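Colleague: I would like a close look at one part of this model. Start from a single site, then work outward to what surrounds it.

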Amino acid sequence: MREYRTLATAKDQWGSIFVLEDAEQRILAFGEHDEQSKLLKATPHIPKHTYLRAMLLALLFGQPRSVMVLGLGGGVLIHALRQFDAAIRITAIELRPAVIELCKRYFRLPLSKKLTLIEADALHYLAQSQHKRVDMLFCDLFDSEGIAAGALSTAFLQRCQQQLKADGVLILNCWKEHSRDAELLAKLQALFPSVYACLTGSGNWVVFATAKALPAGQVELKRQAMALSQKLGFDLQLSLNRFAEWQNVHF
């Protein structure tokens, strides 16, 4: 069992935040036995958590010029997107100012003119957003209790769709129990012609909703995934094996 030392702690109105580390990795935690983010020190662009690897399958739909990330965490997704293409314009929305500061200080957040950090409640921000539409919207809104309240509501999903360009992609990180959520699937299908999903080995259900359809052939999809794996620096095949159109069944 790994032993971690505490690098930093913070407390705000939403609870406690911990930064832990050992020789190889650094962890952002919102509670005991919680791992909100895990950064590999030697390779910060390679996600340790399988749900983040699965979320990056979104890049199979095309090369984005602009991305919005809801929920900053330890910034590992931003590291991976920067590895893929340093020119992507990224806007990250984070509720907790302490998370932003800890991410900057301890998680090597790749700060540049191409990265905009906004301290805001993501649900409220999208409701009032004057932000330009983006190519991809990554939604990873979790707190110590689970998925943030309202993050899968019809109103929120509609706002996500409005924030995307016509062929944009919405990526939602959910729990595996949502694979049986016919109501959530129906909400997404009312907004997006194509809905895909991936069940990860860590108990997450990652959803991809878009107006774009991927190539029908598995051979072509596998070829594209291999090319994407090379750019990202890690193998996507395991995630791709669990990726398919989401019908009204669970995997």
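Is serine 239 buried or exposed, and what is its relative accessible area? Please go on to the helix that holds serine 239, and then to the sheets and pockets.

Modeller: Keep in mind that this is a predicted model. Serine 239 is buried, because its relative accessible area of 12% is under the 20% cut-off. The residue lies in helix α8, which spans residues 237-241. Leaving out residues up to four places away in sequence, serine 239 touches Thr50, Arg53, Ala54, Leu57 and Cys198. Thr50, Arg53 and Ala54 fall within the range of α1 (50-55).

That brings in the largest pocket. Helix α1 supplies at least two residues of its lining. So much is also true of α2 (76-84), β6, α4 (122-128) and β9 (142-143). The volume of this pocket is about 520 Å³. It is lined by 33 residues, and the closest to its centre are Gly71, Glu94, Leu95, Leu141 and Phe142. By class, the lining has 20 nonpolar, seven polar and six charged residues.

Leu141 appears again in the lining of the largest cavity. Over the whole structure, a search finds one cavity of 30 Å³ or more. About 30 Å³ of space lies in it. Its lining is Cys139, Leu141, Ile147, Ala151, Leu152, Leu172 and Asn173. Six of these count as nonpolar and one as polar, and there are no charged residues.

Next, the sheet that holds β6. It is open and has eight strands, in the order β7-β6-β5-β8-β11-β13-β12-β14. Its pairing is mixed. The edges are β7 (115-119) and β14 (243-245), each paired on one side only. From one strand to the next, the twist averages 15°. Strand β6 covers residues 89-94. Its link to β7 is parallel and has five bridges. Within that pair, alanine 92 has leucine 117 of β7 as its bridge partner. Helix α3 lies across both β6 and β7. Its direction makes an angle of about 150° with β7.

Helix α3 leads on to another sheet. The helix covers residues 97-106 and lies across β1, β2 and β3. Here the angle to β1 is about 155°. The sheet in question is open, with four strands in the order β1-β2-β3-β4. Its pairing is antiparallel. Strands β1 (5-12) and β4 (37-40) form the edges, each pairing on one side only. The average twist is 10° from one strand to the next.

Why single out β2? Five of its seven residues are buried, so β2 is largely enclosed by the rest of the structure. Take its pairing with β1 to begin with. Seven bridges join β1 and β2 in the antiparallel sense. Arginine 5 has glutamate 21 of β2 as its bridge partner. A hairpin connects β1 to β2 through two residues.

Then the other neighbour. Strand β2 (residues 15-21) runs antiparallel to β3 (residues 25-29), with four bridges between them. Valine 19 pairs with leucine 28 of β3. Leucine 20 stands opposite isoleucine 27, also in β3. The connection from β2 to β3 is a hairpin through three residues. As background, strands of a sheet pair through backbone hydrogen bonds, either parallel or antiparallel.

Leucine 20 has a further role in the picture, at the second largest pocket. This pocket has a volume of about 320 Å³. Its lining has 13 residues, and those closest to its centre are Tyr4, Leu20, Glu32, His33 and Asp34. Strands β2 and β3 are the elements that give two or more residues to this lining. By class, the lining has six nonpolar, three polar and four charged residues.

To pull it together: serine 239 is buried and touches residues including Thr50 and Arg53. The helix α1 contributes to the lining of the largest pocket. Strand β6 contributes there too, and its partner β7 lies under the reach of α3, which crosses both strands. The helix α3 also lies across β1, β2 and β3, and β2 and β3 in turn help line the second largest pocket.

Key
Residues are numbered from 1 along each chain as its sequence is written. This is a predicted model: local features need pLDDT of at least 70, side-chain atom pairs count only at pLDDT 80 or more; totals for chains, interfaces and linings use all residues. Side-chain values use heavy atoms; hydrogens and water are left out. Two strands pair if DSSP finds at least two bridges between them. Axes are lines fitted to C-alpha atoms, for helices over the stretch in contact, and angles run from 0 to 180 degrees between N-to-C directions. Contact means heavy atoms within 4.5 Å. On a 1 Å grid over the protein atoms alone, a cavity is a set of points where a 1.4 Å probe fits but cannot get out, and a pocket is an open set with protein on both sides within 12 Å along at least five of seven lines; lining residues have an atom within 4 Å of a point. Grid points are joined across faces, edges and corners, and a volume is the space filled by probe spheres set on the points. Ala, Val, Leu, Ile, Met, Phe, Trp, Tyr, Cys and Pro count as nonpolar, Asp, Glu, Lys and Arg as charged, and the others, Gly among them, as polar. Buried means under 20% relative accessible area, exposed over 50%, partly exposed in between (1.4 Å probe, protein chains only).
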